[in-house]
Amino acid sequence: MTALPTTARVVIVGGGIAGCSTAYHLTRLGWRDVVLLERAKLTSGSTFHAAGLVGQLRANANITQLLKYSVELYEKLEQETGQATGWKRNGGLRLACNAERWTEVKRQATTARSFGLEMDLLTPREAGKLWPPMDISDVVGAAFLPTDGQANPSDIALALAKGARQGGARVIEDCPVTGVRVKDGRVVGVISAHGEIACEAIVNCAGQWAREFGRLAGVNVPLVSVQHQYMVTDAIEGVPRSLPTLRDPDRLIYFKEEVGGLVMGGYEPDPVPWAEDGIPEGFHFSLLDPDWDHFEELMEQALARVPALQNAGIKELINGPESFTPDGNFILGEAPEVRGYFVGAGFNAYGIAAGGGAGKALAEWIVAGEPPMDLWPVDIRRFGSPHGSIDWVRSRTMELYAKHYTMAWPHEEHESARPERVSPLYATLKARGACFGEKLGWERPNWFARDSQEPRDEYSYGRQNWFDAVGLEHTGVRERAGLFDQSSFAKFLMVGRDAVGALGWICANDIDRPPGTLVYTQMLNRRGGIECDLTVARLAQDAFYIVTGTGFATHDFSWIARSIPADLNATLVDVTSAYGVLSLMGPRARDILSAVTPDDVSNGAFPFATWRQIMIGGAPVRALRITYVGELGWELHVPSEHARAVYERIVEAGAGHGLVDAGYRAIESLRLEKGYRAWGSDIGPDNTPLEAGLGWAVKLRTNIPFQGREALSAQREAAQSKRLACFTVDDPQVVLLGRETIYRDARPVGWLTSAGWGYTVARNIGYGYVRNPEGVDDAFLDDGHYELEVATARVPCRIHRRALYDPAMKRVKE
Ligand SMILES: Cc1cc2nc3c(=O)[nH]c(=O)nc-3n(C[C@H](O)[C@H](O)[C@H](O)COP(=O)(O)OP(=O)(O)OC[C@H]3O[C@@H](n4cnc5c(N)ncnc54)[C@H](O)[C@@H]3O)c2cc1C
């Protein structure tokens with residue numbers, strides 16, 4: 001064994017593809033003091049038994065970029081390191097065998113185009129020519145990604161390890177890491193079977209051991225092991241070496257060529273969890289017993305697709321465990337629990353495809369101390385309290401595994417592990433017809449079924465069954481008033497002598513206003529990108545109440561807490577559970593509110609962007625005058641135990657005013673019309689407030705220093721390479737979902753970041769960034785002729801630089 005050093009800048013735990021790739025990329029960034037410790041031998045975890053398909057397209061642009069980078073890296077890795085990789089760019093084929101799937105595939109082809117990947121649509125005959133062994137009698141169409149490929153997984157990982165060694169990293173095998181030293185919330189070292197290493201950072205790349213290993217330092221890595229099988233055949237006549245990889249989602253199976261034969265695996269609807277009581281000691285270079293009974297269903301599907309399998313010899317059925325996560329995305333980044341503790345794990349059976357790019361992104365994150373770009377779908381801070389429960393995680397993960405190849409319907413909700421977190425109004429709203437969605441474990445009313453309608457989503461690529469019900473809620477809010485249960489909002493208190501100084505530094509808007517005021521603000525990273533988008537209410541000289549989106553609880557808490565300058569006295573506390581939130585919105589909101597409170601809620605006494613403590617019945621309510629739907633309204637933050645009584649009082653008072661219960665789908669439609677941006681889609685770490693049209697909410701005109709100011713000031717002086725704009729499509733037959741390609745003068749310039757139907761303006765609405773390296777200004781936006789590509793078809797659209805709906809004028813702007 002190579003002697004263990006006593007110190008290192010960074011220690012990577014795990015020698016699978018993720019660990020090797022991270023080590024490789026750290027050395028490419030100039031870090032030499034890198035140590036990789038592997039418990040057994042390199043690749044002995046999941047990596048050695050992967051099938052080796054390397055696909056690239058994901059639902060998110062930046063994650064697709066990571067996978068695209070993997071392909072670029074694998075193409076040159078053998079030449080660079082001298083280690084064979086088995087890389088073959090033979091393309092990837094995806095079949096559609098019914099009309100809905102064909103729509104999905106066409107939408108994927110448009111998404112690919114939006115993200116800069118070539119993806120061609122083929123007729124069944126054309127697909128059959130590319131993949132001669134298959135029966136195409138049930139194929140409706142296919143898509144072909146010419147740059148996809150396949151590789152030998154172990155060889156790729158070993159080539160990365162070799163490249164890392166060549167770059168100065170020390171790779172040490174047979175060295176289990178048994179503990180992590182943490183001091184004052186920071187990693188200071190690792191304990192291994194062969195001694196300790198003091199270090200600044202560790203990277204948990206321990207594959208399916210990552211959860212247990214994380215627990216040693218109090219870090220939650222929500223993943224579980226699931227069995228995954230594929231079969232390997234002898235050579236089959238008519239299988240060329242150039243055969244593309246093939247995904248046949250309607251039959252739940254995939255194929256690749258191997259030594260003139262086929263590898264065939266798939267995703268069963270009833271997956272088998274593994275190692276529920278812990279991974280056995282000594283499980284390396286190990287496989288599980290083949291489970292032919294369980295594989296039979298996939299085998300039948302494969303026989304129908306490739307009749308030649310009937311007579312093919314079967315070499316083996318590989319049954320290997322792999323780590324899967326509750327949302328099907330891998331887990332990357334610095335853990336919110338411990339500084340200097342990074343994670344790269346949970347690869348959901350696409351770790352070979354993701355390994356190159358994930359290792360690069362992780363290495364850049366470690367070196368810079370912040371992610372190189374918006375990696376929200378894989379960011380470890382996307383998890384929350386339910387992910388601490390292994391039962392919850394396993395149950396949701398099994399559902400995701402089973403749905404790997406099923407249709408990914410628009411607006412699809414998960415079914416497992418529910419209900420988990422419910423607002424005090426859950427039972428009441430359920431009785432009133434609420435159809436709930438789920439976010440971070442919270443049950444949230446999406447829409448309300450009326451009359452005899454079932455509160456249940458029926459999915460399709462057309463207008464779904466809730467469309468009219470949401471229309472009634474939307475119109476109710478615009479014309480009268482609506483009541484939304486937004487109790488799942490994350491809520492924090494920032495208190496302390498220096499709270500104003502700390503928040504002043506963290507917020508891009510000026511929050512140093514008198515107690516009683518409310519400020520909408522972004523929080524920026526060093527690049528000027530938007531890390532958080534939230535409201536801050538000043539409670540007192542030294543106390544602020546911060547409200548942010550349900551899904552951002554962990555991320556935003558971590559961002560704010562870690563951004564407090566070390567020498568300032570300010571403490572952040574999560575108070576989410578203390579308050580239910582009822583949002584009363586619409587032109588009649590004041591009439592209704594004044595009927596339930598003795599306090600003065602007139603515009604003079606209670607103007608926009610202020611908050612007041614009011615009484616509703618016996619409940620002390622923190623009322624915030626703000627809106628996300630573009631109407632007069634209040635967010636009522638009610639102590640949880642009073643929430644139900646307050647709800648009932650408002651409903652009673654609202655009856656004469658036409659008050660409606662309304663849900664999150666109505667909010668989405670209302671906010672699209674009013675042009676409010678959504679973090680995670682329209683805005684995020686890659687977009688600055690200037691690009692997003694939010695410059696008005698930034699204190700650049702003051703002299704107050706704030707995080708991200710320098711980048712933003714520089715951007716203000718230079719030409720902006722992208723700008724968010726609004727697009728509308730009049731044709732009601734078109735359904736916009738997001739990711740549709742934006743064409744300006746017949747050239748692709750971006751894609752929609754969010755989209756939906758606006759019931760008041762009676763049009764499809766989408767938002768997206770128009771890009772141009774030479775700069776985008778008002779004239780550039782106005783001068784172009786625009787179209788959107790929707791499921792590969794171009795449709796005419798109009799561009800708008802301002803919100804479509806203005807409540808003050810009560811009319812729709814053209
Ligand atoms: C049957 C099957 C087919 C697959 N097919 C494909 C495919 O076609 N395409 C694709 O992209 N992906 C595929 N995958 C997925 C792919 O194999 C994995 O996603 C990938 O190998 C995960 O790599 P990793 O580095 O995260 O984990 P691993 O390869 O498991 O590496 C983790 C390493 O950490 C080590 N370790 C754990 N604990 C410690 C400790 N305390 N100290 C030191 N070392 C430790 C382990 O020994 C192990 O070597 C497949 C997986 C399976 C099971």
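At what angle do the axes of helix 1 and helix 8 cross, and within what distance do they come? In this predicted model, the two axes cross at roughly 45° and come within 7 Å, with helix 8 spanning residues 351-368. An angle between 35 and 65 degrees counts as neither roughly parallel nor roughly perpendicular, and helix 1 is therefore oblique to helix 8. The crossing of this pair is right-handed. On the side of helix 1, the contact is formed by Ile-17, Ser-21, Thr-22, His-25 and Leu-26. Helix 8 contributes Gly-351, Ile-352, Gly-355, Gly-356, Gly-359, Lys-360, Leu-362, Ala-363, Ile-366 and Val-367. By class, seven residues of this contact are nonpolar, seven are polar and one is charged.

Helix 1, which covers residues 17-28, also packs against helix 2, residues 61-81. Here the axes come within 14 Å and cross at roughly 75°, so that helix 1 and helix 2 are roughly perpendicular to each other. Ile-17, Tyr-24, His-25 and Arg-28 of helix 1 meet Tyr-69, Leu-73, Tyr-74, Leu-77 and Glu-80 of helix 2. The contact of helix 1 with helix 2 comprises six nonpolar residues, one polar residue and two charged residues. Ile-17 and His-25 thus take part in the contact with helix 2 and also in the contact with helix 8.

A further helix pair is formed by helix 14 (residues 589-596) and helix 15 (residues 643-654), whose axes come within 9 Å and cross at roughly 120°. Helix 14 is consequently oblique to helix 15, and the crossing of the two is right-handed. Ile-592, Ala-595 and Val-596 represent helix 14 in this contact, and they face Arg-649, Ile-650, Ala-653 and Gly-654 of helix 15. Divided by class, the contact of helix 14 with helix 15 holds five nonpolar residues, one polar residue and one charged residue.

The ligand is surrounded by 37 residues, of which Glu-38, Ser-46, Thr-47, Glu-322 and Ala-353 come nearest. Glu-38 places a polar side-chain atom 2.7 Å from an oxygen atom of the ligand. Backbone atoms also take part in polar contacts with the ligand: a backbone N or O atom of Gly-52 lies 2.9 Å from a ligand oxygen atom, and a polar backbone atom of Ala-18 is 3.0 Å from an oxygen atom of the ligand.

Two loops show backbone geometry of note. Most residues other than glycine have a negative phi, and most peptide bonds are trans. Asp-184, a residue other than glycine, has a positive phi near 50°. Asp-184 is located in the loop between strand 9 (177-183) and strand 10 (186-192). The peptide bond from Arg-418 to Pro-419 is cis, and its omega is near -10°. Pro-419 belongs to the loop that lies between helix 9 (390-402) and helix 10 (426-431).

Note on methods. Residues are numbered from 1 along each chain as its sequence is written. This is a predicted model: local features need pLDDT of at least 70, side-chain atom pairs count only at pLDDT 80 or more; totals for chains, interfaces and linings use all residues. Side-chain values use heavy atoms; hydrogens and water are left out. Axes are lines fitted to C-alpha atoms, for helices over the stretch in contact, and angles run from 0 to 180 degrees between N-to-C directions. Helices (H or I, at least four residues) and strands (E, at least two) are DSSP runs, numbered from the N terminus. Angles under 35 degrees count as roughly parallel, over 145 as roughly antiparallel, 65 to 115 as roughly perpendicular and the rest as oblique. A crossing is left-handed if the near helix is turned anticlockwise from the far one by less than a right angle, and right-handed if clockwise. Contact means heavy atoms within 4.5 Å. Ala, Val, Leu, Ile, Met, Phe, Trp, Tyr, Cys and Pro count as nonpolar, Asp, Glu, Lys and Arg as charged, and the others, Gly among them, as polar. A residue is near a molecule or strand if one of its heavy atoms lies within 4 Å of it. A polar contact is a pair of N or O atoms within 3.5 Å; within protein, one must be able to donate a hydrogen and the other to accept it, and residues adjacent in sequence count only if both atoms are side-chain atoms.
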